Structure formats: structure tokens, C-alpha cells
Number of protein chains: 2
Amino acid sequence: MNRIILIIIIGLFSQFAASQHALSEKYNLMPWPQEIQENNSKFSINEALTVAILGNDSKGRVQKATTKFLRRLADRTGVFINTGFPTKNNTASIKIDFQTVSDLTINQDESYNLDIKNKEVLIQAKTDVGALRALETLLQLTTYSNTENYFPGVTIQDTPRFVWRGLLIDVARHFQPVSVIKRNLDAMAAVKLNVFHWHLTDDQGFRVESNTYPKLQELASDGLYYTHAQIKDVVQYASDLGIRVIPEFDVPGHASAFLSAYPELGSKDNYTYSIERYAGVFDPTLNPIKEETYVFLEKLFTEIAPLFPDEYFHIGGDENEGKHWTESKEITAFKKKNNLKTNHDLQTFFNIRLEKILKKLDKKLMGWDEIMTPTMPKTAVIHSWRGTHEGLKSSTLIEAAKKGYSTVLSNGYYIDRMLSVKHHYTVDPIGDAVLTKAERKRILGAETTMWSELVTPLTIDSRIWPRTAAIAERYWSAKEVTDVDNMQRRLQKVSLQLEELGITHIRNKDVILRNMTKGKDITSLITLSNICEPLKVYSRNKGGTEYKSFSPFTLFADACVADAKDAVAFNKNVTQYLKDKNSDASFIINEYLAKWTENHKAFQKISNNSILQPLKPLSQNLAALSKSLQTSLQNKKMTKEEFSQCENYIKQLKEPFADTEVVIVAALQKLLLYCEAKYLVK
Amino acid sequence: MNRIILIIIIGLFSQFAASQHALSEKYNLMPWPQEIQENNSKFSINEALTVAILGNDSKGRVQKATTKFLRRLADRTGVFINTGFPTKNNTASIKIDFQTVSDLTINQDESYNLDIKNKEVLIQAKTDVGALRALETLLQLTTYSNTENYFPGVTIQDTPRFVWRGLLIDVARHFQPVSVIKRNLDAMAAVKLNVFHWHLTDDQGFRVESNTYPKLQELASDGLYYTHAQIKDVVQYASDLGIRVIPEFDVPGHASAFLSAYPELGSKDNYTYSIERYAGVFDPTLNPIKEETYVFLEKLFTEIAPLFPDEYFHIGGDENEGKHWTESKEITAFKKKNNLKTNHDLQTFFNIRLEKILKKLDKKLMGWDEIMTPTMPKTAVIHSWRGTHEGLKSSTLIEAAKKGYSTVLSNGYYIDRMLSVKHHYTVDPIGDAVLTKAERKRILGAETTMWSELVTPLTIDSRIWPRTAAIAERYWSAKEVTDVDNMQRRLQKVSLQLEELGITHIRNKDVILRNMTKGKDITSLITLSNICEPLKVYSRNKGGTEYKSFSPFTLFADACVADAKDAVAFNKNVTQYLKDKNSDASFIINEYLAKWTENHKAFQKISNNSILQPLKPLSQNLAALSKSLQTSLQNKKMTKEEFSQCENYIKQLKEPFADTEVVIVAALQKLLLYCEAKYLVK
């Protein structure tokens with residue numbers, strides 16, 4: 001290519017990217033679309049608004065989505081829309097046109113065009129699912145003024161970067177009722193996620209009814225499982241939203257619950273299997289050398305697979321250390337006889353048998369990345385979860401793609417680790433990897449994982465959202481969309497819209513705090529919870545034995561979330577202040593320090609209650625340190641004694657309180673060091 | 001009886017009643033038990049707590065209830081109870097014993113004894129359901145101190161006053177998903193209600209799947225209906241809680257939705273039936289002279305009745321004005337031929353046919369009190385709903401009992417009228433009526449009715465609760481338990497416990513307000529909502545045509561509730577102040593007036609939003625009036641001009657704002673008149 005032309009193209013592209021960025025300061029879209037242009041129009045949302053479906057909506061998806069769209073629009077704006085249902089009338093003000101109805105395979109087309117003019121909104125898509133994605137974009141554009149609500153005039157062309165954009169919900173460690181699943185499906189659709197990975201079995205419970213093997217629900221679920229009717233209902237609900245459902249039956253490990261119902265399939269004789277109440281990796285494992293195991297799994301999967309119309313079927317396959325295999329003479333002999341050198345080889349033997357069973361059922365096998373052994377057929381889909389945290393150099397995703405496997409990434413998107421939204425948002429599935437076209441195509445996408453050891457229906461939403469909305473942008477939007485501040489601004493708005501959909505991440509915080517204060521004023525606890533975050537990366541529940549599955553999850557740590565609100569703001573302002581003492585930050589820091597100083601008085605009024613005792617030192621140290629820092633900064637003076645007291649407060653605040661960490665300590669310490677350097681009385 | 005003995009007995013009784021009253025200031029029980037004594041013990045709730053089920057729990061009710069009890073106790077107290085499930089071990093610290101398993105008929109025994117000692121809690125009941133009621137009492141007794149949680153040592157003997165204690169939920173006007181029903185069943189059980197009346201059909205929707213007549217769900221439900229599996233699930237869930245389920249299929253009136261699917265059964269030829277979008281009483285009525293009508297209903301009921309194991313089956317029968325009957329020549333001729341003088345006679349003809357159909361299905365017919373015509377057989381159960389509001393002298397309850405009908409009262413318990421808890425609490429089902437033993441026995445009990453014209457899943461809980469808890473006390477406790485202040489104190493605690501069970505009445509208020517401010521600070525709206533109540537007695541939605549079923553119910557009025565919090569407190573203090581100027585009330589009134597004066601500034605910061613415009617005059621007038629009153633009371637001086645301005649503010653505040661009324665206006669007016677009398681500058 002001519003060098004000058006190249007420079008012009010790059011120049012045009014940069015200009016285009018810059019204008020996209022400016023628009024992303026203006027419109028609260030998430031995920032950010034591939035292309036957006038302003039067109040100087042404005043579509044008023046008023047009583048006369050009508051919607052027409054022009055495509056052949058044979059599965060009824062657009063009918064349902066449009067009806068919900070009309071309810072959500074009315075609820076959000078307070079506008080009494082006269083016509084509460086879509087029509088087929090070509091004179092409607094919002095027209096939805098699409099060419100075909102999606103069969104929800106991996107290759108479904110989700111692209112759409114959205115054109116908002118003064119008197120008309122036009123949605124065009126290849127498929128009904130594309131039309132659904134467009135409706136979500138349109139809803140996000142709802143804007144209000146003093147006198148009206150409107151859609152701003154923009155023209156959007158949009159299509160996802162990855163075809164597989166998932167959320168895993170683990171319903172084994174803590175069961176999640178259908179209503180929890182449904183509201184999260186609604187939220188997924190709102191941010192254009194399209195795969196619900198349903199982790200249905202684990203050591204702590206087998207959550208699916210079986211008519212063939214009823215002891216699974218009778219003995220392995222504590223009565224907490226989904227009936228076939230409920231599964232069909234959820235799968236239909238997901239399909240209506242253009243979301244595929246991938247079931248996971250985790251074998252051969254993670255089998256404590258399974259084997260408590262059918263111990264004869266275990267690898268260890270005379271072993272008492274029982275539903276696991278703790279968290280962690282456990283020994284109970286299916287016996288891969290017994291023919292009965294395969295007969296059982298074939299019958300079970302033959303019964304259950306038809307409930308899940310999707311082509312992909314996840315068999316888990318993770319974290320099997322094979323301890324019981326090594327301990328068994330028969331299994332050791334079998335390995336020798338069949339030239340299976342390691343337990344991994346034996347598991348591959350097991351996996352290959354499973355793949356054949358699933359093939360008969362027209363299912364493609366998918367499994368966690370431990371299944372990627374040299375002899376594993378390339379037809380398996382590799383779910384990459386391990387990474388640096390598990391002792392690897394990087395995730396297994398690129399390796400899998402290069403070896404010829406289709407693959408999906410979860411490493412980097414483990415939201416149960418309670419890390420910041422920034423952390424997850426800045427993980428790109430592909431990164432700098434250099435890939436051939438074929439390799440790139442094998443990277444299907446990624447999945448956010450909500451493991452549920454420490455979450456219940458009361459708290460699960462605040463662990464999934466709003467972070468998952470930002471991660472959804474990573475999966476859908478162009479790789480170049482990476483501005484964290486901009487994302488955080490948009491995320492605030494999206495977070496509120498998720499609440500409107502029924503997500504309880506905001507409202508349930510106060511529920512927990514009201515329970516803790518027994519109805520007394522919760523303001524002081526809100527203040528504390530806004531600077532504390534739950535312990536991260538599994539340091540809450542050390543060794544998996546601090547909490548049982550039935551321990552209380554209505555504690556202070558459960559009211560706290562990642563990205564503690566005041567901490568984010570305070571830490572930013574301290575950084576700003578240390579750069580420029582005369583900035584606004586000085587005022588804001590002073591306000592926060594005053595608030596924390598005062599807070600302890602309010603806390604003392606409500607704290608005559610055993611559940612609040614672990615918070616007393618937190619509240620007290622924070623107040624004392626804040627007061628000392630505030631005074632020193634104001635008076636520009638700090639005595640040695642004050643300094644050493646402050647050091648002591650900080651030392652104590654660095655310790656966990658009630659399973660949380662105070663995430664402003666580093667900033668407070670910076671302020672203290674500043675005081676030491678500038679104001680210490682020698 | 002010897003007069004002296006009588007006096008002694010009365011004396012002892014008064015003493016007993018007085019001690020019960022003193023205890024009700026101490027323990028937050030609701031409904032208040034029949035007998036409670038203190039025994040100077042204290043049972044510590046700690047990790048070692050265990051529960052044993054000693055009775056033969058063949059239906060598993062106590063197992064499920066106890067498991068839930070253990071979760072709720074852990075969640076409430078934060079105690080990590082080691083044993084998460086009940087055992088059969090006689091050494092457990094809480095022992096639950098009962099003799100038989102209830103078949104959930106109307107005669108089920110729900111009595112129980114509860115004895116809390118230092119090291120042991122003993123529950124004894126005739127039936128498993130009695131044991132469930134005891135567990136709820138025990139949970140309500142949970143008490144905390146600085147160092148521990150405990151059950152205080154009391155001994156309780158308890159049994160309900162009425163056998164039928166119900167809550168009706170109308171799922172026709174606004175559909176309520178299974179999760180809404182389930183959480184309300186949990187709450188019902190917590191306050192010992194035992195009948196869920198499921199109003200399943202009405203002009204606005206037919207909410208039950210039929211395989212025989214599938215057009216009912218296809219054309220008459222907007223896709224919002226319960227499948228058979230869902231109904232079975234709900235009925236089982238209710239049974240597990242000791243709650244009977246009474247289905248209502250409202251015929252022959254309230255039939256718009258029904259007839260939109262099967263117009264051939266209507267009373268008017270060539271009439272276009274459609275699902276009704278408004279509220280009110282409508283004309284579409286089943287045709288009682290067509291044999292096909294009865295064939296249809298028999299087939300339908302034969303299909304559906306088995307889903308509902310309860311003996312009682314509600315056929316509605318209300319508000320049929322028979323307009324279409326009068327307009328039909330054939331029907332008029334039929335009436336003449338069969339000597340049916342009025343439309344009511346014709347409806348009785350219809351009802352008697354229905355009773356025969358239901359008898360074949362082993363069901364007892366129940367209907368609204370319009371069915372009580374002279375020829376109606378005494379086997380029917382009369383559901384008394386009309387009263388003074390409908391132009392009668394009193395409710396039809398006593399009349400029905402005296403005529404020989406079994407009967408249930410709902411008049412006085414229409415919580416959709418948005419009246420105060422005090423209003424409903426002071427309605428006694430029997431009152432001063434003098435009844436024979438047989439007549440008294442025919443008064444089965446009462447039902448609270450949640451008609452859903454103006455409620456959605458977002459708001460329904462705040463309309464049902466907490467008022468229904470106080471009404472439940474009316475149905476369960478002794479007639480003498482009537483102290484309103486005492487009830488209100490206990491209700492506050494119960495209200496929080498309902499939130500813990502999943503009821504959303506508190507948390508969803510902020511959700512609505514956050515939607516209105518689009519995420520901006522909601523404090524000023526909370527302040528306004530705490531002195532405003534939704535318009536009462538159907539004056540919101542005048543004529544039933546202001547709101548359609550799909551209009552927004554996310555408005556200010558939907559965030560407001562009956563018994564507005566600050567209003568209750570302020571009004572009390574004004575009364576107190578006018579009695580005694582030197583009381584604490586003076587200080588409190590001043591605080592409120594200051595708060596309302598300041599509030600408008602905060603409101604102005606958030607109000608650039610069309611949805612908030614209707615509140616502007618409210619906020620403004622309230623601030624101006626509060627300021628003027630505050631100044632005048634402080635300075636003991638009010639000019640004529642100020643007085644006339646204040647009069648004007650009050651005049652404006654008397655008008656509805658955004659479908660709410662400001663329920664402190666009368667108190668403010670009293671303060672103004674006081675200022676006029678005392679401080680007016682002449």
C-alpha cells in the first residue's frame with residue numbers, strides 16, 4: 001500500500017475513534033456500539049408512541065421483547081403510553097424489521113441498525129435476536145429533560161466482537177431459585193450477553209430432577225433442585241431473550257453430592273459419601289473403570305440432554321486430583337493394563353467415552369481446561385479457567401486455539417474473587433497474541449463466572465452486577481474501547497437500569513444493614529460499608545472451612561461490594577491532593593475525614609448488639625485516625641505522639657474487620673506520611 | 001352463680017388481662033398469643049443449638065419448616081449454627097413434638113404449647129401445622145444483647161380465634177409471578193394466616209392454563225398465566241406452610257377476558273369481547289341459558305379442580321349487573337318461562353347448576369355475598385364483602401350466619417383502599433352481634449383482600465404489608481387484644497422481620513425514587529413520601545379509566561404507603577403540643593418544620609426531570625408554609641399577610657399532588673389556627 005494513503009487512512013481512523021470517544025462521554029450505552037453517529041434529530045417519547053413488528057416473528061421473541069420494552073419505557077419515564085402492545089401497522093412510530101428468526105446456534109447473527117429520527121425510529125436486523133439487541137440499545141438511550149423524555153437522534157450500526165458472551169451461575173454451592181435466574185437473564189439481555197452457563201452440579205448439591213435416577217434429587221439436593229418443568233421454563237425464558245443455555249454436569253470430580261445418592265459409582269469402596277457443606281476441592285470421584293458408570297451417565301444424559309436444546313454440553317472435568325484413583329488397586333491395575341500413565345490420562349479415557357455418549361445425543365462436549373490432554377479429540381471445546389493464580393504463565397486460551405480447539409475464556413473474569421471492575425475490564429481475551437485467521441475464529445468468546453460458595457439469593461446480584469455489565473462490554477465492543485473512567489461513568493447509569501429490571505444489587509444492601517441494626521438507623525453502617533470491601537481472592541473463607549453452606553450470609557461483608565463507593569472517590573482525591581495541594585481535593589478530603597470522625601458517635605448509638613461487635617474497632621480507629629489527620633492538615637502541625645498514634649490506628653485498620661478490608665488505608669497512610677514530612681513537630 | 005365468686009372471677013380475669021397487656025409491651029409477638037407467662041429462664045442461641053423433630057413428620061412439613069427456621073435464625077443473629085438440619089435426637093436443645101399430620105381441612109388443629117427454659121425449648125402440638133405456628137412464635141421471640149442472642153423464658157399456650165384466616169391476592173388485574181406468591185405465602189405463615197385465596201380470573205385476564213380450552217391462556221392472558229406445574233408447585237409450597245389454597249374462578253360476570261377467548265358463551269351476540277385494560281365493573285357475562293355454558297364449565301372445572309386439593313372452590317359471582325341479560329330477547333324469554341323474576345334469580349339458577357357440577361368434583365361452592373338469594377342452598381359459603389361503602393347498613397356476615405350459611409368476612413379488610421392499619425385493626429368480624437353457638441360457628445373467619453388494579457410485583461408487598469400482619473392478629477388473637485399503640489409498636493418489629501423473609505415493602509420504595517431521580521440523591525423525595533399517602537378509597541384512578549393495566553406504576557404515589565411515617569409522628573405531636581405547649585412536642589414540631597423548609601432546596605437540585613414536575617408545588621408550598629409557621633411559633637407573632645399566605649398554602653396542599661394526599665395538612669391547619677388565635681398581629 002502506498003505510504004501516504006496508509007497515513008491518510010490511519011489519520012481518518014484516529015479521527016473516527018476520537019469522535020466515538022467524545023460520543024461515549026455523551027450517551028450512556030453499554031456495551032458501546034461499533035459505530036454511532038449523531039443526526040440532529042430527537043424522537044419524543046409520549047402517549048402516542050407505537051411500535052410495529054414488521055418481520056415474521058414466528059417464535060414470538062420480538063412480540064415479548066417489545067411488550068416488555070413498552071412496560072420498561074413507561075415505568076422509566078412515567079409516560080402513559082396509549083398502546084400497550086406492538087402492532088403490525090406500518091404507520092407506527094417505532095418500526096422493527098428483521099429477516100429471519102434465529103435458531104440460537106453459535107453462529108446466530110446479532111447485528112442491527114438503529115436509526116432515530118424526529119418522528120420515527122427504525123430498527124433493522126438480520127434476525128429477531130438482532131432486533132432484541134437493538135431494543136436494549138434504544139432503551140439505554142432514553143433521555144429526559146424538564147419537560148419531556150426523548151430518544152436522541154443517532155444512527156447506530158452494531159455487531160458483537162465475540163459470538164460467545166456468557167455468564168456462569170453456580171447453583172450447586174448455594175441454590176438459586178428460578179426467580180433469581182430469570183431476573184439475571186433479563187439483566188444479561190440488557191447488556192447483550194448471550195450465553196447462560198448453568199453450573200448445575202457440584203460437591204454441595206445435584207440440582208436437577210431425574211426420573212431415571214430419582215435419588216439424585218432425593219438424597220443429593222437437600223430438596224433444592226429444578227424440576228424438568230422449571231428447566232424448560234428457564235430455557236424458554238432465555239430463548240425469548242436470545243440467550244443460549246449451556247448446562248454443566250461436573251464429572252468425574254466434584255461428585256460428593258452425586259455419590260451420596262449413588263455411592264456404588266464411586267472410586268473408593270466402603271467410603272461414606274455425603275453432601276459437602278464446606279468449600280474447596282474434595283476427593284469423591286466417579287469410577288472411570290466401571291462400565292456401570294458409563295451406563296448410568298448415558299441414561300442420565302439421555303434423559304436430561306433434551307431439556308437443553310443447545311448443541312453444547314459442559315461436563316466440567318476440573319480439579320480432579322484423582323486421589324481416590326491412586327488409592328484404588330483396581331484402578332491402578334486398570335491404568336497399567338491400558339497404558340494410562342497418569343490420572344490425567346485416565347480422565348481423558350473417561351472424557352473420550354463421554355464424548356461418544358454426547359455425540360449420540362447430538363451434543364458437543366465442552367470442559368474446563370484440564371481436559372486438554374494430548375489425546376483429547378479436537379472436537380472438544382476448551383473452557384480456559386486457569387492462569388497465573390493457578391501457577392500457569394498465562395491462561396490456556398491461546399494454547400487451546402493454537403492446538404486446534406475451539407475455546408472460551410473465563411480466566412480473568414472470576415467475579416467471585418471480589419476484585420474491582422477495572423481489573424476485569426482491562427483483561428482482553430486475546431490481548432497481544434498473534435493468531436492466524438483460523439486460530440482467531442476458534443476463540444469463541446468468554447464467560448464471567450459467578451461461583452456461589454459465598455453468595456445467596458439475597459446477595460448474588462450485588463456480586464454479579466454492575467461489574468458484569470462492564471465485562472459484557474469487553475466481550476461485545478471493539479478492542480479499542482478501554483477508557484476506564486468513561487466506562488465507570490456509563491456503568492453508574494446502567495447499574496440503575498439494572499435495578500429497574502429487578503436486579504437487587506443496590507436495594508438489598510440496606511436490607512442486610514437493617515437486619516444488623518434491628519431497625520435502628522443504618523446511616524453509620526452505610527458510611528462504613530462504603531469504604532470496606534469483602535476480603536478478596538478467597539481470603540474470606542480460608543481453607544473453605546470458615547463458612548458452611550448454611551452459615552449466615554447476612555453479615556457486614558455481605559453488605560459490602562467490590563469498588564466501595566466512597567473509597568473510589570476518596571482515593572482519587574488523595575492522589576489529586578498530593579499532586580496539587582490547592583485543588584478541590586483538599587475540600588473533599590476534609591469532608592470525608594469529618595464524616596468518618598463523626599460517624600463513630602452514630603455507630604455507638606446502634607451498636608449494643610452482638611452482631612455489630614466486630615465492627616467496633618473499625619469504627620473507632622477510623623474515627624480517631626480521621627480526626628487526627630483532619631486536625632493536622634488544618635493546623636499544619638502533628639506531634640510525634642500523634643504521629644505514632646496514627647501509625648498505630650493504621651496498623652489496626654490494615655487488619656481485616658468482619659471479613660472485610662478497609663480500602664482507604666493506603667490513602668490514609670499517604671496522608672499521614674505527608675503530615676510527617678511537612679508538619680511533624682520535631 | 002354466687003355474686004361474690006363472680007366478682008372474684010372478674011377481678012382475677014382483669015388482673016390476668018392487665019398482666020398480658022404488660023407483657024405485650026415487652027415481647028414483639030404478632031399475632032398476640034392466647035396465654036403467655038414468664039418463667040425467669042433464658043435460652044442462649046449459640047453454635048451448639050440443635051433441633052429435633054420427635055413427631056412422625058410423614059408429610060415433611062416440620063422438616064422443611066425447621067430447616068428454614070435454622071437459616072432464618074442464623075441469618076438474623078449472625079450465629080454460625082453447627083448443625084444445619086433437624087435431627088431425631090432426643091438430646092437436641094429444641095424439641096418439636098406433635099401427634100398427627102394435618103390434612104389441611106377447615107377443622108385442622110393449629111394450637112400449640114411453647115416452653116422456653118434455660119437449656120431447652122419444648123414445642124408441643126396436636127398437629128404438624130401447630131408445630132409450624134410455634135416455630136414462628138419462637139422466631140419472633142429472638143432477642144439480642146451486647147454479647148449474645150437468646151430466647152427469653154416464656155411459656156405460651158396458643159390457639160386461633162377463627163379457623164379461616166385468609167389473604168386474597170388478585171392476579172388478574174395485574175399478574176403476579178410465582179415468586180411474588182411464594183414470598184407472600186412465607187409472610188402469611190409468619191403471621192399465622194392459613195388461607196390463600198387466589199383470585200385467578202377477571203375481566204383483565206384468565207390466569208390458568210387449560211388443556212381442554214387452550215384459547216383461555218392463548219387469547220385471554222396476554223401470555224401471563226400459571227401452568228399446571230406452577231399451580232401444583234404453589235399449592236405444595238402453601239401446604240408445606242400449613243396454608244390452604246382456595247382458587248377463585250369468577251363467573252358469570254367479570255368475564256371479558258374469558259369471553260375474548262370463547263365469545264360463543266357470551267350473553268350478547270355479535271359483540272366484540274376483548275381483554276379489559278381499565279378497572280371497574282363491565283358488562284360481558286356468561287350466558288346462563290345455554291347448555292354449552294355448563295358443559296364448558298364442567299369440563300373446565302373437571303380439568304382444573306384436581307390441581308386444588310382444598311374442599312372449597314370460589315366461583316366469584318359478584319358485581320354482575322346483568323345488563324347483557326336484560327338486553328337479550330332469548331334470555332328475557334327464558335327468565336319468563338322459568339319464572340325467574342330478576343337477574344339475581346337468573347344468577348341463582350346459574351349458581352345452583354354450578355353447585356351441582358362442583359358437588360360431583362367433591363367441592364363446596366363459595367361465592368361473594370351477591371349469591372345469597374332466597375333460593376340459594378345453605379351449603380354455599382357466603383363471602384361477605386359489601387358494607388356501608390356499597391350502600392348497605394352493615395356487612396352481610398351476620399345476616400348470612402343467621403340465615404344458616406357458613407360465612408367469611410372481607411368487608412373492612414380491603415387493603416387496596418389504602419386506609420390506615422388502625423382502621424382495619426379496629427374492625428372486629430363479629431363485633432357486638434349476639435349469636436347462638438351454631439351461628440357463631442358458622443362464622444369461619446375473615447380474609448384480607450389485595451385487589452390489584454393499582455399494584456404490580458414491584459409495589460404489591462408495600463400494599464399488603466405490614467398492615468396485613470396487624471389484621472392477622474385480629475383474626476387469630478383474642479377479641480380483647482385491641483390496643484392500637486401497642487400493636488403499632490410490635491408491628492414495626494414484625495415489619496422488619498417480613499423484610500428478612502423476602503418481602504420488598506421497605507426496599508422497593510427507594511427503587512422507585514431512584515428511578516424518578518435517575519440516580520440523583522433521593523433524600524428530598526423520601527421526606528415528601530413520608531408525609532404523603534396514595535389517594536384512598538378508589539379516588540386514585542377515578543372511574544377506573546385514569547390508569548390502564550399497562551400504565552406506569554413507578555410514580556410517586558407508588559412509593560408512598562398508607563400510614564405515612566412522619567405524618568403519624570407529626571400529627572401525634574401537634575395534638576400533644578396543643579394540649580401542652582411545654583411538652584417535648586414543641587421541639588419535635590420545630591424539627592419537622594425546619595426539615596420541610598430545607599427540603600425544597602434539596603428537591604430543586606434534582607427536579608429537572610419531567611417525572612418530578614407534579615411534585616414541585618407540593619414541595620414549594622410545604623416549604624413556605626413550614627417556614628412561616630416555624631417563624632411565627634418561634635417569634636410568637638404572625639402578620640395578617642403571613643396568615644393569609646399560609647391559608648393559601650394550606651388550600652393548595654389540600655389538593656392532591658401526583659395522586660397522593662398530604663396527610664399532615666389538618667395538623668398544619670391546627671397550628672395555623674393556633675397562631676391566629678395567639679400571635680396574630682392585629
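# Group meeting: a walk through the two-chain model

Let's start with a loop: Leu104(B) sits between strand E3 (94-100) and strand E4 (112-116) of chain B. Keep in mind that this is a predicted model. Leu104(B) isn't a glycine, and yet its phi is positive, at about 55°. Is Leu104(B) buried or exposed? Well, there are 22 C-beta neighbours inside 10 Å, so Leu104(B) counts as buried.

A bit of background here. Most residues other than glycine have a negative phi, and most peptide bonds are trans. So let me go through some exceptions of both kinds.

Met418(B) is another non-glycine with a positive phi, this time about 65°. You'll find Met418(B) in the loop between strand E16 (406-409) and helix H13 (421-425) of chain B. Met418(B) has 24 other C-beta atoms within 10 Å, and because the cut-off for buried is 20 or more, Met418(B) is buried.

Now the peptide bonds. Which bond in chain B is cis, with omega near 5°? That's the one from Trp465(B) to Pro466(B). Pro466(B) belongs to the loop between H15 and helix H16 (467-476) of chain B. Over in chain A, Val251(A) and Pro252(A) are joined by a cis peptide bond too, and there omega is about 0°. If you want to find Pro252(A), look in the loop between strand E12 (244-248) and helix H7 (256-261) of chain A.

OK, let's zoom out to chain A as a whole. The chain has 25 helices and 19 strands. Its radius of gyration is 27 Å, and the globule rule gives 26 Å for 682 residues, so chain A is as compact as a globular protein of that length. If you box up the C-alpha atoms along the principal axes, you get roughly 80 × 70 × 60 Å. How much of chain A is buried? Buried residues come to 51% of the 682. And if you take the contacts in chain A with a separation of 6 or more, 76% of them are between residues 24 or more positions apart.

On to domains. Chain A is split into domain 1 (27-158), domain 2 (163-199 + 379-505) and domain 3 (519-679). Notice that domain 2 is written as two segments. Between domain 2 and domain 3 of chain A, the C-alpha centres are 30 Å apart. Their contact takes 15 residues from domain 2 of chain A and 15 residues from domain 3 of chain A. On the domain 2 side of that contact in chain A, you've got six nonpolar, five polar and four charged residues.

While we're in chain A, a quick stop at Leu361(A). This residue is in the loop between helix H11 (343-360) and strand E14 (364-368) of chain A. Leu361(A) has 13 C-beta neighbours inside 10 Å, so it counts as partly exposed. What does Leu361(A) touch, leaving out residues up to four places away in sequence? The partners are Phe301(A), Thr302(A) and Ala305(A). Take Ala305(A): along the chain it is 56 residues from Leu361(A), but their C-alpha atoms are separated by 7.3 Å.

Next, how the two chains go together. You can lay chain B on chain A with an RMSD of 0.0 Å, using a turn of 180° and a shift of 0.0 Å along the axis. The two copies are thus related as by a two-fold rotation axis. The contact takes 42 residues from chain B and 42 residues from chain A. On the chain B side, helix H2 (61-77), H17 and helix H18 (507-517) each supply at least two residues. By class, that side of chain B divides into eleven nonpolar, 18 polar and 13 charged residues. And 100% of the interface residues of chain B are also interface residues in chain A, so the copies meet through the same surface.

One helix to finish: H4 (residues 178-190) of chain B. Helix H4(B) has 13 residues and reaches 18 Å from its first C-alpha to its last, close to the 18 Å expected at 1.5 Å a residue. Its buried residues include Val178(B), Ile181(B), Leu185(B) and Met188(B). What covers the buried residues of H4(B)? Among the elements doing that are helix H3 (128-140), strand E8 (164-170), strand E9 (195-199) and helix H17 (484-500) of chain B. That's the H17 that also supplies residues to the side of chain B touching chain A. After H4(B) comes Lys192(B), with a positive phi near 65°.

That's the tour.

Key: Residues are numbered from 1 along each chain as its sequence is written. Chains are lettered from A and ligands numbered from 1 in the order in which they are written. This is a predicted model: local features need pLDDT of at least 70, side-chain atom pairs count only at pLDDT 80 or more; totals for chains, interfaces and linings use all residues. Helices (H or I, at least four residues) and strands (E, at least two) are DSSP runs, numbered from the N terminus. The radius of gyration is taken over C-alpha atoms; the globule rule is 2.2 Å times the number of residues to the power 0.38. A residue is buried if 20 or more other C-beta atoms lie within 10 Å of its own, exposed if 12 or fewer, and partly exposed in between; C-beta atoms are placed from the backbone. Two residues are in contact if their C-beta atoms, placed from the backbone, lie within 7 Å. Copies are superposed by least squares on the C-alpha atoms of residues with pLDDT of at least 70 in both. The expected span of a helix is 1.5 Å times one less than its number of residues. Domain bounds come from an automatic or database domain assignment. Ala, Val, Leu, Ile, Met, Phe, Trp, Tyr, Cys and Pro count as nonpolar, Asp, Glu, Lys and Arg as charged, and the others, Gly among them, as polar.
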